[in-house]
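Dear colleague,

I am handing over the structure we spoke about, and I would be glad if you could look through it alongside the notes below.

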Amino acid sequence: MFLRTRNNDSVASATWNEFLHGLGSTRDVAAERAREKAGSMRSTLSDTGSEARHRASLALDALAGRPAPMRWGWVVAAAGIGALAGFAVAELLRGHPVDEAVASLRRQLSHNKEQSEQLFVG
């Protein structure tokens with residue numbers, strides 16, 4: 001009977017040690033995840049804080065009657081898009097049948113003008 005108690009004690013001790021080791025590794029994993037989450041939250045809160053300060057500054061400027069600053073980036077982007085759209089339309093219309101018809105009409109008119117000048121001179 002004494003051997004069974006000693007065997008049970010060693011099994012219990014081994015089980016307890018495994019349990020403590022498992023808790024330690026679980027604690028390490030949980031601490032690492034908590035550090036990752038804290039870093040992510042810190043960056044999110046930092047970004048949120050700077051955005052809040054920026055918006056508060058704009059609100060104070062509006063309440064004070066100061067005009068909003070010009071957003072030159074949007075102006076430049078709109079001008080670039082407009083220039084690209086104009087270039088695309090010009091390229092699409094180049095060589096269009098209307099242009100060919102106008103050129104043909106001009107040739108005919110100049111030819112008729114030359115003939116009429118020859119009639120009046122000759």
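What follows is a short account of what was found, from the overall form of the chain to one part of its surface.

Please keep in mind throughout that this is a predicted model. The chain contains 3 helices and 0 strands, and when it is read along the sequence the order of elements is α-α-α. The radius of gyration is 42 Å, whereas the globule rule gives 14 Å for 122 residues, and because the value for the chain is well over that figure, the chain is more spread out than a compact globule. In terms of extent, the C-alpha trace spans about 145 × 50 × 10 Å along its principal axes.

Turning to the surface, buried residues account for 2% of the 122 residues in the chain, and the area that the chain exposes comes to about 11,200 Å², of which carbon and sulfur atoms supply 64%. As for charge, the chain carries 15 positive and 13 negative charges, and the mean positions of these two sets lie 9 Å apart.

One part of the surface may interest you in particular. A nonpolar patch is formed there by Trp16, Phe19, Leu20 and Leu23, which together have about 420 Å² of accessible area. Of these residues, Leu23 lies in helix α1, which covers residues 2-64. Leu23 counts as partly exposed because its relative accessibility is 43%, a value that falls between the cut-offs of under 20% for buried and over 50% for exposed.

With best regards

Methods
Residues numbered from 1 in each chain as written. Predicted model: local features only at pLDDT ≥ 70, side-chain atom pairs only at ≥ 80, totals over all residues. Heavy atoms only, no water. Patch = residues over 30% accessible without salt bridge, like charges linked within 9 Å, V, L, I, M, F, W, Y side chains within 5 Å. Areas by Shrake-Rupley, 256 points an atom, 1.4 Å probe, with all protein chains shown as cover. Salt bridge = Lys/Arg side-chain N within 4 Å of Asp/Glu carboxyl O. Helix = DSSP H or I, 4+ residues; strand = E, 2+ residues; numbered from the N terminus. Buried < 20%, exposed > 50% of the residue type's maximum accessible area, 1.4 Å probe, protein only. Rg over C-alpha atoms; globule rule 2.2 N^0.38 Å. Lys, Arg positive; Asp, Glu negative; His and termini not counted. Charge placed at Lys NZ, Arg CZ, Asp CG, Glu CD.
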